[in-house]
Amino acid sequence: MKLILLGAPGAGKGTQADIIKKKLNIPTISTGNILRAAVKNGTPTGLKAKEYMDAGKLVPDEVIIGIINERLQESDCANGYILDGVPRTIAQAEALEQAGIRFDAVVAIEIPDEKIIARMGGRRVCESCGASYHIVNIPPKKEGICDVCGGALKQRKDDDPETVKDRLAVYHKETEPLKGFYEARGVLKTVDDQPTVEGTTREILRVLGVAE
């Protein structure tokens, strides 16, 4: 099964991708990871990407799509994959189609902005060991102190409410239109965020027609 998970930052796409890839025995293809691997391995498109990165420029869509295409030819993708990080725009989705990359389903996780702001605003990370907490859902035993190593907990800049609002605005403008794009192709499935991670996973598997 060839999948995309869509959703705003903080919607839980990464968490769900980790669960679903094990359930379906398919890899998650993260564009960030494969870009770094292609550069490191010196593939033709990796070398092209390195030129842009060394010059401090954004890697163009056609190079990103080329690297994805290279990765999807590997044997572990024979039964499908979950694409993570692309497409972010209609232009990228069109470029994937032109490269012959199609999807069986595009799952959009629906969650209100205010819930995302509250969720991400409560995240805390240990400065020393990187352990993650949430002031409501996974609080440390002692406020501001890591249970694991005793380090100080901090809020990442990405999780600051104003930063989250900015990221959501970009998502609504650039990425959310993909729902209409894939709905027109008959592959869009929408799932309402559930109170638990497990509940959301159950809903995703249900719309995909996969038994738990």
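Q: Buried means under 20% relative accessible area. What makes Arg71 buried in this predicted model?
A: Arg71 has a relative accessible area of 16%. The cut-off is under 20%, so Arg71 is buried.

Q: Why is Glu74 called partly exposed?
A: The relative accessible area of Glu74 is 43%. Buried needs under 20%, exposed needs over 50%, and partly exposed is in between. Glu74 therefore counts as partly exposed.

Q: How do you know that Glu74 forms a salt bridge with Arg71?
A: Their closest N and O atoms are 3.5 Å apart. A salt bridge needs a side-chain nitrogen of Lys or Arg within 4 Å of a carboxyl oxygen of Asp or Glu. The pair therefore passes.

Q: Which residues are linked with Arg71 in a network of salt bridges?
A: Glu74 and Asp76 are linked with Arg71 in that network. How many salt bridges does the structure hold? The count is 13.

Q: What makes Glu110 and Lys179 a salt bridge?
A: Their closest N and O atoms are 3.0 Å apart. The limit is within 4 Å, so the pair counts as a salt bridge.

Q: Why does the pair of Glu110 and Lys179 tie together parts that are apart in sequence?
A: Glu110 lies in strand β4 (residues 105–110). Lys179 lies in helix α8 (residues 178–183). The pair therefore ties together parts that are 69 residues apart in sequence.

Q: How do you know whether Glu110 is buried or partly exposed?
A: Glu110 has 26% relative accessibility. Buried needs under 20% and exposed over 50%, so Glu110 is partly exposed.

Q: And Lys179: buried or exposed?
A: Lys179 has a relative accessible area of 15%. Under 20% is buried, so Lys179 is buried.

Q: How do you know that Arg123 forms a salt bridge with Asp159?
A: The closest N and O atoms of this pair are 3.4 Å apart. That meets the limit of within 4 Å. Arg123 lies in strand β5, and Asp159 in the loop between β7 and α7 (161–175). The pair therefore ties together parts 36 residues apart in sequence.

Q: What makes Asp159 buried, and why is Arg123 called partly exposed?
A: Asp159 has a relative accessible area of 1%. That is under 20%, so Asp159 is buried. Arg123 has 28%. That value is in between 20% and 50%, so Arg123 is partly exposed.

Q: Why are α2 and α4 called roughly perpendicular?
A: The axes of helix α2 (residues 31–41) and helix α4 (residues 61–72) cross at roughly 85°. Angles from 65 to 115 degrees count as roughly perpendicular, so the label fits α2 and α4. Their axes come within 10 Å.

Q: Which residues of α2 and α4 meet?
A: Thr31, Ile34, Leu35 and Ala38 in α2 meet Ile64, Ile67, Ile68 and Arg71 in α4. By class, the contact has six nonpolar residues, one polar and one charged.

Q: What makes α2 roughly perpendicular to α3?
A: α2 and helix α3 (residues 44–54) pack at an angle of about 100°. The range is 65 to 115 degrees, so α2 is roughly perpendicular to α3. The axes of α2 and α3 are 8 Å apart.

Q: Which residues of α2 and α3 meet?
A: Leu35, Ala38 and Val39 in α2 meet Gly46, Ala49, Lys50 and Met53 in α3. This contact has five nonpolar residues, one polar and one charged.

Q: How do you know that β1 and β3 pair?
A: Strand β1 (residues 2–6) and strand β3 (residues 81–84) share three bridges, in the parallel sense. Pairing needs at least two bridges, so β1 and β3 pair. In β3, Ile82 is the bridge partner of Leu3.

Q: What makes β5 and β7 a pair?
A: Two bridges join strand β5 (residues 123–126) to β7. At least two are needed, so these strands pair. β5 and β7 run antiparallel, and Val125 stands opposite Lys154 in β7.

Q: Why are β6 and β7 called edge strands?
A: The open sheet has the order β6-β5-β7. β6 (132–134) and β7 (153–154) each pair on one side only.

Q: Why is Cys129 called partly exposed?
A: Cys129 has 41% relative accessibility. That is in between 20% and 50%, so Cys129 counts as partly exposed. Cys129 sits in the loop between β5 and β6. Its contacts include Cys146, Val148 and Cys149.

Notes: Residues numbered from 1 in each chain as written. Predicted model: local features only at pLDDT ≥ 70, side-chain atom pairs only at ≥ 80, totals over all residues. Heavy atoms only, no water. Axes fitted to C-alpha atoms, helices over the stretch in contact; angles between N-to-C directions. Helix = DSSP H or I, 4+ residues; strand = E, 2+ residues; numbered from the N terminus. Parallel < 35°, antiparallel > 145°, perpendicular 65-115°, else oblique. Contact = heavy atoms within 4.5 Å. Nonpolar A, V, L, I, M, F, W, Y, C, P; charged D, E, K, R; others polar. Buried < 20%, exposed > 50% of the residue type's maximum accessible area, 1.4 Å probe, protein only. Lists of a residue's contacts leave out its neighbours within four places in sequence.
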